[in-house]
Amino acid sequence: MTDSSYSSAIAIVGMGGRFPGAQDIEEFWENLRAGVCSVSDFTHDELLADGLNPAELAKDNYVSSKGALDQPDRFEAELFGFSPRDAAVLDPQHRLLLETAWTALEDAGYNPRAVPETTGVYVGGGSSEHAVAAMADPSLVAELGLTQVRLFTDKDFLASWISYRLGLRGPSMAVQTACSTSLTAVHLAVNSLLLGECSLALAGGVSVDSVAKRGYLHQEGGVHSPDGRCRPFDERSAGTLPGNGAGIVVLRRYEDAVRDGATIYALIRGSAVTNDGIAKISMTAPGIEGQSAAITEALATAELNPQQIQYVEMHGTGTALGDQIEIEAATAAFGSAGDTPFWCGIGSVKSNVGHLDAAAGVTGLIKATLMLAHREFVPTANFSRANPRLGLERTPFRVVDRSEDWPRPTEERRRAGVTSVGMGGTNVHVVLEEAPPNHRAEPAVSAEGPWLLPVSARTEGSLAAGTQAMSRYLARRDVAFLGDVAHTLQTARAELGVRGYVVADRAEQASTGFRTLGTSCGFTSAGSPPAPVMVIPGEERQDLGAVEELRRTLPVFRDTLDNCAEHLARRHGLTTYPWQAGADDGVPARHAALFSVGYATAKQWASWGLRSGATVGEGLGEYVSAVLAGVFTWDEALDLVVARAELVSGTAAGRMLAVEMTQSEVVRLLNDGVDLAAVNGPRACVVSGPKGAVEECAERLRRTGRPHQWLQSEHALHSSVMDGVLDAFEAVVAAVGPRVPSGPYVSTVSGGLIEGDKVATARYWRDQLRAPVRLDGALRAAWEISSGPVLNAGRKGVITDHLLDRVGIRSIYDVGPHATPAEILAVLGELWSSGQQVDWNAVTSVTAKRVTRLPGHVFDGTPRGAFRLNASTAYRPTSSRPGQDSGDAAQLAPEADAVTEVTVEPSGPTKPDGEGDASRGRIIELLLETLGVASHEFGSSFLELGGDSLGAVHLANRIQEEVGIDVPIGLLVEDHSVDELIALLAEIAENPDSDARIGDLLEEIETTG
């Protein structure tokens, strides 16, 4: 549903954020509803322990309060491909914004590692102590190079790091307008979407001025509050206080969001940016005309008038001048109250979290968006009574001081404005509107469970926390359709290495499953496992009882069966549905059923991306293998199966008997007319022949107490009873014309791999009817092609434990028609958990596949520290991974229990024992410092260990300066191990004719490319 009036509307489809007192958007909303002030008040001991100068703390005007983040230096660097050294140098603002972008994309229903390429990024940040300290440290600059230090710490690269690490190829811009940065970024993203520069946009900002516990010095007449509280528009208002946080919104054009079934928080109807220019008392003072113009222009862009707005999220710093000018500017844009004051609510999130600087605007936007989504006004924290100097009774505005329902205006939509004002005069206003009702397509009415709900993380701890969050979410939410949850988890989450899954029909069942999964820690690491081996059944005792349920649930299975049924009815007059064929329907119908069900099973698994490394067809099942290998088309094979069955049904009555004996024992048992029909395992054989002769064998077995079991076949396949029909069948196959298989072919006739040209003969298929089925050897041959798990599409037990042990197979899954849909999906979950690739878009069988909001990735980061100015604690290197000796790890990372150790005093690694002369030793030291790894990892190349071309340039310069040799850059980035590289460089250093040696190396590099 779209409307021409929404042609320029932008949908907010996802949000992510970390704020004081809130690790995520949901917790932020609960705090807002409760009117919580999330400002931290530090004790003197906390501040001193964190390195604050005691003299500063002793000042009377020191205020020990801040809108602080919990553990602001924690970062899951490995998730974004950063080495420990690089993560430690990376500014905390970059770290936080990367994780926030990941969260926002998941919230919007996107896999953060597979986002549409034309995704724009518009973000900005504030000044940070980390960046200043890093740039000012000469030893760090000497070690990494000035450019590298800037890349890791400068806010100019906030957008670029997100685009690079997440593979986003739309516009990528770092935005800077001081306090209004993040709302300016939203405005730019909106325009970029409307211009068609990108199809998806991330917009927002971050501010982490310092990871330290810090307050501030209050100055009378300044912007900061004397008591550590911000009270916008209150009679006690006296300023704001600093805070840290980050927020990102994900934006799409409204019509695109509706088309793709996105969940929409709210719409952006218009936005505008202005500057005060010189029309104010000073550079840092706010201006009435500029702020008023931003509101007026944004409303004009939205084609709305002020009376259609019910709430404005103000900049609201709580300063005497700032609040007064903002109210005057808003009144100028909205008009005076006239006879109806207080018809528009106002508030400011700074009362809850402090002033988040570059992240302040997007934080206010997120607050207003949540209010629209929940249709609820939330209180302004710390508010008691309006400041009388503001004269609110002469304006349309009232300060919202309690949680209350947001009633929908008559014939109108709920709408809000958001204002952000930057020091220096850049003003931004955004107009929001609630999402239209019923903008999402409904799921298919016929869609049924069960559903496969996969989850993954980088660590077991992260996955356990994530599954518990999912359990709580499903337990307390009214989940209308579990298929939406399944589709979201399958397609809108990155596939990480630690995996688990739940199969469920209902939300309560899924909640219980996730709770159990989260505590069992029965997870497996994904890698690149060998492809599975599929075994297709071919005997009549196959149980087809669950086929109808599978047909109802699995779409490809259903469509394939229906195609087979239609072909059998049209071509052969067999009107019984294949899955309903019974003993009274005749051999052709029963054999056609076996082929149809086996083929449908193989097609279903292939549609999920589980293509077999090898296929083994047992008896009739080999016709399915032949179709998969391209020997026959499916309808040709089905015709041959029917023709074969018609010939078989004309033979004399016979029987087939399974015996628990070795092949040599069976041969001694055979009497006249009885043949060995199958070798399924070391002690699993089948004999076949005329009815009376086989019954005589069975009697002998009974008398000796040897286990045996009759097969459900009244015909003696793979015995001399078939001799009379072999010529006729060979002629039928010759008329069809089998083809050479497309790849290696496992034959149950030979019990191994067979040349393709032999399979492409009618004679082979004649022998396939007469010769014994050698499943034992075929499985061993298949295992040589692919040592993956076995998918047994036949009856349970056809592949015996003896055979598994003999072949070496360690995992087997029953996926035949006896399995329920839940059991089938559980196998798929097991395979995915072990690292198999799954095409999730083919798994969720719903017509309208919709993503829904769910708990996202739980970051399992470690403290990375931050550089600090004038810190009293030292900065020491630590190991790159748990348990590693830190003696030769020259990365920059504070100790885990010293989160705030930040001033750089790098102590170079000690020279490893036995490394040779001074030149060689210094080369090793420089490599250790550059790569930030341990010397035992030098078996990998420079690039594999995290080096890059810029680092190679810097390293070459340092080697030239400190060792005195000129190193070609190409030598550093070639595919040598670092050990080999050290040997080459040492040789150059020691070789008097080093110029010639370098020339030889360069020529070798150019020759090899």
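Contact here means heavy atoms within 4.5 Å. With that in hand, take A986 in this predicted model: setting aside neighbours within four places in sequence, A986 is in contact with R920 and I923. The residue lies in helix 35, and its relative accessibility is 5%, so it counts as buried, the cut-off being under 20%. You can also check A986 against V963: the two are 23 residues apart along the chain, and their C-alpha atoms are separated by 9.9 Å.

Stay on helix 35 for a moment, which covers residues 978-990. D979 lies in this helix as well, but its relative accessible area is 42%, which makes D979 partly exposed. D979 belongs to a patch of negative charge on the surface, where it gathers with E944, D975 and E980. Why can D979 be part of such a patch? Patch members need over 30% relative accessible area and no salt bridge, and D979 passes the area test because its value is 42%.

Now zoom out to the whole protein. There are 36 helices and 32 strands to find your way around. Of the 1009 residues, 60% are buried. The protein still exposes about 38,300 Å², with carbon and sulfur atoms supplying 48% of that area. As for how the chain meets itself, look at contacts with a separation of 6 or more: residues 24 or more positions apart account for 77% of them.

T240 gives you a local view of contacts. It sits in the loop between strand 9 (216-217) and strand 10 (245-253). Is T240 buried or exposed? Its relative accessible area is 4%, so T240 is buried. Once neighbours within four places in sequence are left aside, the contacts of T240 include Y216, V223, H224, S225 and C230. Further along the chain numbering, T240 is also in contact with T317, T319, K350 and H355.

On to the charges. Side chains of opposite charge can pair when their charged atoms come close. How many salt bridges does a search of the whole structure find? The search turns up 57, and a few of them are worth clicking on.

Start with R85 and D86, whose closest N and O atoms are 2.3 Å apart in their salt bridge. Both of these residues are buried.

Next comes the salt bridge between D227 and R231, with the closest N and O atoms 2.7 Å apart. This pair is split in its surroundings: D227 has a relative accessible area of 37% and is partly exposed, whereas R231, at 12% relative accessibility, counts as buried.

For a pair inside a helix, go to R763 and D767, whose side chains meet in a salt bridge at 3.6 Å, N to O. Both lie in helix 28 (residues 762-770), and they are four residues apart, about one turn of the helix. R763 has a relative accessible area of 46%, so it is partly exposed. D767 also counts as partly exposed, at 27% relative accessibility. Elsewhere, salt bridges that share partners link up into one network, joining R252, R253, D256, R259 and D260.

Definitions and conventions. Residues are numbered from 1 along each chain as its sequence is written. This is a predicted model: local features need pLDDT of at least 70, side-chain atom pairs count only at pLDDT 80 or more; totals for chains, interfaces and linings use all residues. Side-chain values use heavy atoms; hydrogens and water are left out. Patches are made of residues with over 30% relative accessible area and no salt bridge: like charges are joined within 9 Å, nonpolar side chains (Val, Leu, Ile, Met, Phe, Trp, Tyr) within 5 Å. Accessible areas come from the Shrake-Rupley method with a 1.4 Å probe; for residues, only the protein chains shown count as cover. A salt bridge is a side-chain nitrogen of Lys or Arg within 4 Å of a carboxyl oxygen of Asp or Glu. Lys and Arg count as positive and Asp and Glu as negative; His and the chain ends are not counted. The place of a charge is taken as NZ of Lys, CZ of Arg, CG of Asp or CD of Glu. Helices (H or I, at least four residues) and strands (E, at least two) are DSSP runs, numbered from the N terminus. Buried means under 20% relative accessible area, exposed over 50%, partly exposed in between (1.4 Å probe, protein chains only).
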